[in-house]
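Here are some short exercises to help you find your way around a new structure. Try each task with the model in view, then read the worked solution.

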Amino acid sequence: MIELSNITKHFDDKCALNRVSAFFEEGAVSVITGTSGSGKSTLIRIIGGIIRPDSGVVIVDDMPIYDNVATQKRLFVLPEKPYCPSYESADELAHFYMHMYDGFREDLLKELVDRYGMSMTGPMRRMHRDARDLLMLAMGISAGTKYLVCDDLFTSMDDELRASARRMISDARRNPGTTFVIAVSDRSILGDIADYTYELEAVR
């Protein structure tokens, strides 16, 4: 389980998050929603250990997320714009993740690539954003981590790719039992796969 307690974050004189607390249950798909500027992306980065809050704590399986390799290896974090070096193909990036995550399943990635008609060749930055984001979702699922923490990759997808993403998430929550925490501007984009919804309001 991921637990947030009284998370507060400022950027200069602007308060992005003010005393946010939440529980994200194991095996569930939890959605963080809210209007633009409500702090969704900031909260995802805090949950993933990418940035630190000014105050409050993030606990993963009863352990702190920060300065803790054991907890960070339990999460795969997908930002809204995943970093894909221009010289790397999907195949090269997958090999990088194989060394980073002990439970990475190359067989599962191949299965997902084949099932959803994706490509593992050519520089990822030359791929259409929608196709690249779906492939990155497949990478995250194949990493074999307990938790997949994901910023909004879905709003810009067309209906067909969005449906593929929903099916991919639904399958992954059952086998291998991935727990999802997903930020999205509009909950309806994810259809009926969400178990819990946490709505953020912009801090005034």
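**Exercise 1. Find the two faces of strand 8 and decide whether each is covered or open.**

Solution. Please keep in mind that this is a predicted model. Start with one side of strand 8, where Thr179, Val181 and Ala183 are buried. Now turn to the other side, where Phe180 and Ile182 are buried as well. Both faces of strand 8 are therefore covered, since buried means under 20% relative accessible area. The count agrees: five of the five residues of strand 8 are buried. In a regular strand, side chains alternate between the two faces of the sheet.

**Exercise 2. Work out which strands pair with strand 8, and in which sense.**

Solution. Take strand 3 to begin with: it pairs with strand 8 in the parallel sense over four bridges. One pair to look for is valine 29, whose bridge partner in strand 8 is phenylalanine 180. Next, look at strand 7, which runs parallel to strand 8 and is joined to it by four bridges. Here tyrosine 147 stands opposite threonine 179 of strand 8.

**Exercise 3. Put the strands of the parallel sheet in order and name its edges.**

Solution. The sheet is open and has five strands, in the order 6-7-8-3-9, with parallel pairing. Its edge strands are strand 6 and strand 9 (196-200), each of which pairs on one side only. On average, and ignoring direction, neighbouring strands of this sheet are turned by 15° against each other. Helix 6 packs on the sheet and touches strand 3 (29-34) and strand 8, with a direction about 150° from that of strand 8. At the strand 6 edge, four bridges join strand 6 to strand 7, and the two run parallel. As an example, leucine 78 has cysteine 150 in strand 7 as its bridge partner.

**Exercise 4. Now do the same for the antiparallel sheet.**

Solution. This open sheet has four strands in the order 2-1-4-5, paired antiparallel. Strand 2 (14-24) and strand 5 (63-64) are the edges, each pairing on one side only. Helix 1 (residues 40-47) packs on this sheet, touching strand 1 (2-11), strand 2 and strand 4, and its direction makes about 125° with that of strand 1. Strand 4 (residues 55-60) is linked to strand 5 by two bridges, and these strands run antiparallel. In one of the pairs, isoleucine 59 has proline 64 of strand 5 as its bridge partner.

**Exercise 5. Check the span of helix 5, then find out how much of the helix is buried.**

Solution. Helix 5 (residues 129-142) has 14 residues, which at 1.5 Å a residue should span 20 Å. Its end C-alpha atoms are 20 Å apart, so the two values agree. Next comes burial: twelve of the 14 residues are buried, among them Asp130, Leu134, Leu137 and Ile141. The buried residues pack against strand 6 (75-78), helix 3 (90-100), helix 4 (106-115), strand 7 (147-150), helix 6 (159-174) and strand 8 (179-183). Just after helix 5, glycine 144 has a positive phi of about 75°.

**Exercise 6. Describe how helix 4 and helix 5 pack.**

Solution. Begin with the geometry: the helices pack at an angle of about 150°, and their axes are 9 Å apart. Angles over 145 degrees count as roughly antiparallel, so helix 4 is roughly antiparallel to helix 5. Leu108, Leu109, Leu112 and Val113 of helix 4 meet Leu135, Ala138, Met139, Ile141 and Ser142 of helix 5. The crossing of the two helices is right-handed.

**Exercise 7. Decide whether tyrosine 66 and serine 156 are buried or partly exposed.**

Solution. Tyrosine 66 lies in the loop between strand 5 and helix 2 (69-72). Its relative accessible area is 15%, so tyrosine 66 is buried. Leaving aside neighbours within four places in sequence, its contacts include Ile46, Ile51, Arg52 and Val58. Arginine 52 is 14 residues away in sequence and 7.9 Å away in space, C-alpha to C-alpha.

Serine 156 is in the loop between strand 7 and helix 6. With a relative accessibility of 37%, serine 156 counts as partly exposed. Not counting residues up to four places away in sequence, serine 156 touches Arg129, Asp130 and Asp133. The C-alpha atoms of serine 156 and arginine 129 are separated by 8.5 Å, although the residues are 27 apart along the chain.

Methods:
Residues are numbered from 1 along each chain as its sequence is written. This is a predicted model: local features need pLDDT of at least 70, side-chain atom pairs count only at pLDDT 80 or more; totals for chains, interfaces and linings use all residues. Side-chain values use heavy atoms; hydrogens and water are left out. Two strands pair if DSSP finds at least two bridges between them. Contact means heavy atoms within 4.5 Å. Axes are lines fitted to C-alpha atoms, for helices over the stretch in contact, and angles run from 0 to 180 degrees between N-to-C directions. The expected span of a helix is 1.5 Å times one less than its number of residues. Buried means under 20% relative accessible area, exposed over 50%, partly exposed in between (1.4 Å probe, protein chains only). Angles under 35 degrees count as roughly parallel, over 145 as roughly antiparallel, 65 to 115 as roughly perpendicular and the rest as oblique. A crossing is left-handed if the near helix is turned anticlockwise from the far one by less than a right angle, and right-handed if clockwise.
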